[in-house]
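Reader: Could you walk me through one part of this model in detail? I would like a close look at the salt bridges.

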Amino acid sequence: MLAIDTKNLEKTYGQHKVVKGLNLQVDEGEIFGFLGRNGAGKSTLINMLTGIIRPASGSFSLLGVPCPNGHIKKMIGVMPDYSVFYGNLTVLEHLKFLSALSGKPAAKERCLDVLQWVGLDDVARKKASKLSFGMKKKLGIAQAIIHDPKLIFLDEPTSGMDAESAIHIHRLIKELHKSGKTIFMTSHNLDEVEKLCTRIAIMKDGEIAKIGTMEELRSYYRSTITVHIKHGSIPEKEMPSFEQWLGSFAVKPKSDGTYTTFLLKNEKEIAELLRTFYQYKIDVYRVGVEEPTLEDIFLEEHYSNDLTENI
């Protein structure tokens, strides 16, 4: 079943279309990363899917339920980027109050268990007004999962957190995923998305520019593969034949005798490369492959077109 299914979803403010006929499908059990520059329409989409605003046109369903539908709030959890809490309520009181609003009130024991899970058990009776920014982010995640939802929306879950807290949240997201939850997250931390997400969409100007797994995105943007090989010396009698093969196999390989760099067209050529080294009785000590990161892909998608348009 699809956790999220949108059909021609649009949102317009005045004459400006923020989301333009969006068709998006997210399977149950995914950690789905949703990327885009500020103003691309990410938060607007989340606000439509979570019932904060209504679409101008189009339709969508969550967990197979056509929306908007009041019953779906029991099945989804939301951590907005702009989490605001009641300063006079304690952390524990927030969870009891917010779980009741979801339609699935949580007992005190459940609240304490969730607070321990997110790392806030030692401030359970502290008022929200006294919490640090990072603690408020953790409370935002706690209120998103307190009612045990099947689908969780996380908007910038680790922004502003220190490294230790961010690692704790990463582990929590992985645990939620292992337990069968579907997670839809936005983040400006591209390394975080690359490590956590099973599939990623890049939004640009209200539309999805690219979507796929990291390997699929890499394959789309990768024109060549850079391979670095650390190897032993080349037998002198094999040198002429090896150099001839090298010149026919790779474009302008660079070598200093123990390290050689190749530009290859696809992964299959790596296997051929290694077989040839073994045939010439050249020891291979290490193989390194350079691939585009999510940051490379994101910048390529957003800025190469911008540069072309401005020329």
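Author: Happily; here is a walk through the salt bridges and the residues that form them.

This is a predicted model, where local features need pLDDT of at least 70 and side-chain atom pairs count only at pLDDT 80 or more, while totals for chains, interfaces and linings use all residues. Residues are numbered from 1 along each chain as its sequence is written, and side-chain values use heavy atoms, with hydrogens and water left out.

The structure holds 5 salt bridges (a side-chain nitrogen of Lys or Arg within 4 Å of a carboxyl oxygen of Asp or Glu). One of them joins Arg-199 to Glu-30, with the closest N and O atoms 2.8 Å apart. This pair links distant parts of the chain, 169 residues apart: Arg-199 is in strand β9, and Glu-30 is in the loop between β2 and β3 (strands are DSSP runs of E, at least two residues, and helices are runs of H or I, at least four, numbered from the N terminus). Arg-199 is buried at 19% relative accessibility, and Glu-30 is buried at 9% (buried means under 20% relative accessible area, exposed over 50%, partly exposed in between, with a 1.4 Å probe and protein chains only).

Next, Lys-181 bridges to Asp-148, the closest N and O atoms being 2.5 Å apart. Lys-181 lies in the loop between α5 and β8 and Asp-148 in the loop between α4 and β7, so the pair ties together parts 33 residues apart in sequence. Lys-181 is buried at 11%, whereas Asp-148 is partly exposed at 43%.

Finally, Asp-191 pairs with Lys-195 at 3.2 Å between the closest N and O atoms. Both sit in helix α6, 4 residues apart, and are therefore separated by about one helical turn. Asp-191 is partly exposed at 42%, and Lys-195 is exposed at 62%.
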